[in-house]
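Hello,

Here is the structure I promised to pass on to you. Have a look at it first, and then read my notes below.

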Amino acid sequence: MAPLETIYDESLNKSADSIDDKKWSKLFPRIVSDPDRSSNFMTRAIYVAFSAVLRNRNILGQEYFTKNYITEKLKCMTLCFRNLRSNQIAQLLRNAGDATKDGFLKEVSLVITNNEGDLEAIEVFSMKFIYFENGGVVARLSTDKNGQEDPHFAKLAQLVYEGGDSVRDQMVTIVRSVQFLCTKVLEPLPEEFTANFRLEYTNDAPSNFRIDGFEDSSTFYTLPDDIQSATIGHLRPGCHAANMECWSMLMSD
C-alpha cells in the first residue's frame with residue numbers, strides 16, 4: 001500500500017471523474033469511484049480526520065504534527081511521521097483503514113475517559129462505515145448483537161455517490177467542523193484523562209479477526225444518559241460511506 005502522504009499516478013485511469021487539485025493529490029487519490037481508490041480514500045480520511053481531532057482538542061502537542069493541505073485553500077495539521085509517537089498513531093490508523101478494503105471495519109472511535117480502562121466515556125469522536133456492492137448501489141448493513149439493523153446505518157445507506165468533487169467538499173466539511181467544534185464549542189478536557197482508539201468490526205469480519213495494534217481494545221465504550229452529541233459530517237466515495245460524530249459531556253449548550 002502507498003504511504004499515507006503520496007502523489008498518485010492516475011495516468012492509466014481514463015475516468016473523467018477526477019479531483020483537480022494538486023494539494024489534494026498529496027494526501028488523497030484524485031479518483032475515488034472504484035473500489036481500491038474508494039478504500040484508499042477512506043484510509044486517508046481516517047488519518048486526516050483524527051489528526052484534526054488530536055491537534056484541535058489539544059490531546060497531542062504541536063510537535064506531533066506537520067502542516068498539510070486538504071485543498072489549495074484549506075490547511076490542516078496531520079500526524080507527523082518524523083516523530084516516533086505520532087508515526088505510531090498514524091500507522092495504527094492506517095491499519096484500521098486497511099480493513100475497509102474487505103468491509104471488516106464498522107466503527108473507529110477516539111474514546112476519552114476519566115481513567116484508563118473506564119467503560120463509560122466523557123467524550124467520543126466516532127467514524128462509522130458501511131460498504132456498497134454492485135457498482136456502489138446496494139449497501140451491506142451490519143446488525144447489532146440482537147440481529148437488528150441500526151437505524152443510523154440504514155440512513156447512511158441512503159447516501160448517493162455524486163462524484164469526486166462532492167467527496168472533496170465532504171472532506172473539507174469534516175475538517176472544518178472538527179476545527180470549529182474543538183475550538184468554539186467544546187470546553188477544555190480535564191487535566192487528567194485517558195484517550196485511546198477503539199474498534200468495532202462488521203458481521204463479515206472473521207471471528208478471530210484483529211487489526212494490528214488493536215488486540216487489547218476489546219472493550220468498546222458506553223455513553224452517559226445526559227451526554228450531548230453533534231454530527232460532524234459524512235463521506236460518500238464510490239464504494240463506501242462514513243459518518244463522523246462527536247458525543248461529549250463538555251459540549252456547550
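**Ser 248 and its surroundings**

The side chains of Ser 248 and Glu 123 are joined by a polar contact of 2.5 Å. Please keep in mind that this is a predicted model. Ser 248 sits in strand E8, which covers residues 240–248. With a relative accessible area of 1%, Ser 248 is buried. Setting aside residues up to four places away in sequence, Ser 248 touches Ile 122, Glu 123, Leu 186, Ile 227 and Gln 228.

**Strand E3 and its two partners**

Glu 123 also turns up in the strand pairing, as the bridge partner in E4 of Ile 112. Strands E3 and E4 (residues 123–133) pair in the antiparallel sense, over 6 bridges. E3 is joined to strand E6 (residues 194–201) as well, by 8 bridges, and these two strands run antiparallel. In that pairing, Thr 113 stands opposite Thr 194 of E6. How many of the residues of strand E3 are buried? The count is 9 of the 9 in residues 105–113, so E3 is largely enclosed by the rest of the structure.

**Helix H1**

H1 runs over residues 35–56 and has 22 residues. From its first C-alpha to its last it reaches 31 Å, close to the 32 Å expected at 1.5 Å a residue. At its N-terminal end, H1 is capped by Asp 34, which has a side-chain oxygen 3.2 Å from the backbone nitrogen of Asp 36. Because 18 of its 22 residues are buried, H1 is largely enclosed by the rest of the structure.

After H1 comes Asn 58, found in the loop between H1 and strand E1 (65–69). The phi of Asn 58 is near 60°, a positive value in a residue other than glycine. As background, most residues other than glycine have a negative phi. Is Asn 58 buried or exposed? Its relative accessibility is 57%, and the cut-off for exposed is over 50%, so Asn 58 counts as exposed.

**The nonpolar cores**

The largest nonpolar core has 65 residues. Those with the most contacts inside it are Phe 41, Phe 50, Ile 70, Leu 105, Phe 125, Met 171 and Met 244. H1 gives the most to this core, with 11 residues. There is also a second, separate core of 7 residues, with Val 111, Val 124, Phe 220 and Ile 227 among them. In general, nonpolar side chains tend to be buried together in soluble globular proteins.

Ile 70 is a good place to start if you want to look inside the largest core. Leaving out its neighbours within four places in sequence, Ile 70 is in contact with Lys 23, Trp 24, Leu 27, Phe 28, Val 48, Cys 76, Met 171, Val 172 and Val 175.

**Helix H4**

Met 171, Val 172 and Val 175 are among the buried residues of H4. The others in that list are Gly 164, Ser 166, Val 167, Gln 170, Ile 174, Val 178, Leu 181, Cys 182 and Val 185. What covers the buried residues of H4 includes H1, strand E2 (75–79), E4, strand E7 (228–235) and E8. H4 itself spans residues 164–185, and its end C-alpha atoms are 30 Å apart, which agrees with the 32 Å that its 22 residues should span at 1.5 Å a residue.

**Cysteines**

How many disulfides does a search of the whole structure find? It finds 0. Cys 182 is in no disulfide, and the nearest cysteine sulfur, that of Cys 246, is 7.0 Å away. Cys 182 is buried, at a relative accessible area of 6%. Cys 239 is buried too, with a relative accessible area of 12%.

**Arg 236**

One last residue to look at is Arg 236, in the loop between E7 and E8. Is Arg 236 buried or exposed? At 2% relative accessibility it counts as buried. What does the side chain of Arg 236 reach? One partner is the backbone oxygen of Gly 238, at 3.1 Å. In addition, a polar atom of the Arg 236 side chain lies 3.1 Å from the backbone oxygen of Leu 159. Arg 236 and Gly 164 are 72 residues apart in sequence, and their C-alpha atoms are 9.3 Å apart in space.

Best wishes

Methods: Residues are numbered from 1 along each chain as its sequence is written. This is a predicted model: local features need pLDDT of at least 70, side-chain atom pairs count only at pLDDT 80 or more; totals for chains, interfaces and linings use all residues. Side-chain values use heavy atoms; hydrogens and water are left out. Helices (H or I, at least four residues) and strands (E, at least two) are DSSP runs, numbered from the N terminus. The expected span of a helix is 1.5 Å times one less than its number of residues. Buried means under 20% relative accessible area, exposed over 50%, partly exposed in between (1.4 Å probe, protein chains only). A polar contact is a pair of N or O atoms within 3.5 Å; within protein, one must be able to donate a hydrogen and the other to accept it, and residues adjacent in sequence count only if both atoms are side-chain atoms. Two strands pair if DSSP finds at least two bridges between them. A nonpolar core is a set of buried Ala, Val, Leu, Ile, Met, Phe, Trp, Tyr and Cys residues joined through side-chain atoms within 4.5 Å. Contact means heavy atoms within 4.5 Å. A disulfide is a pair of cysteine sulfur atoms within 2.5 Å.
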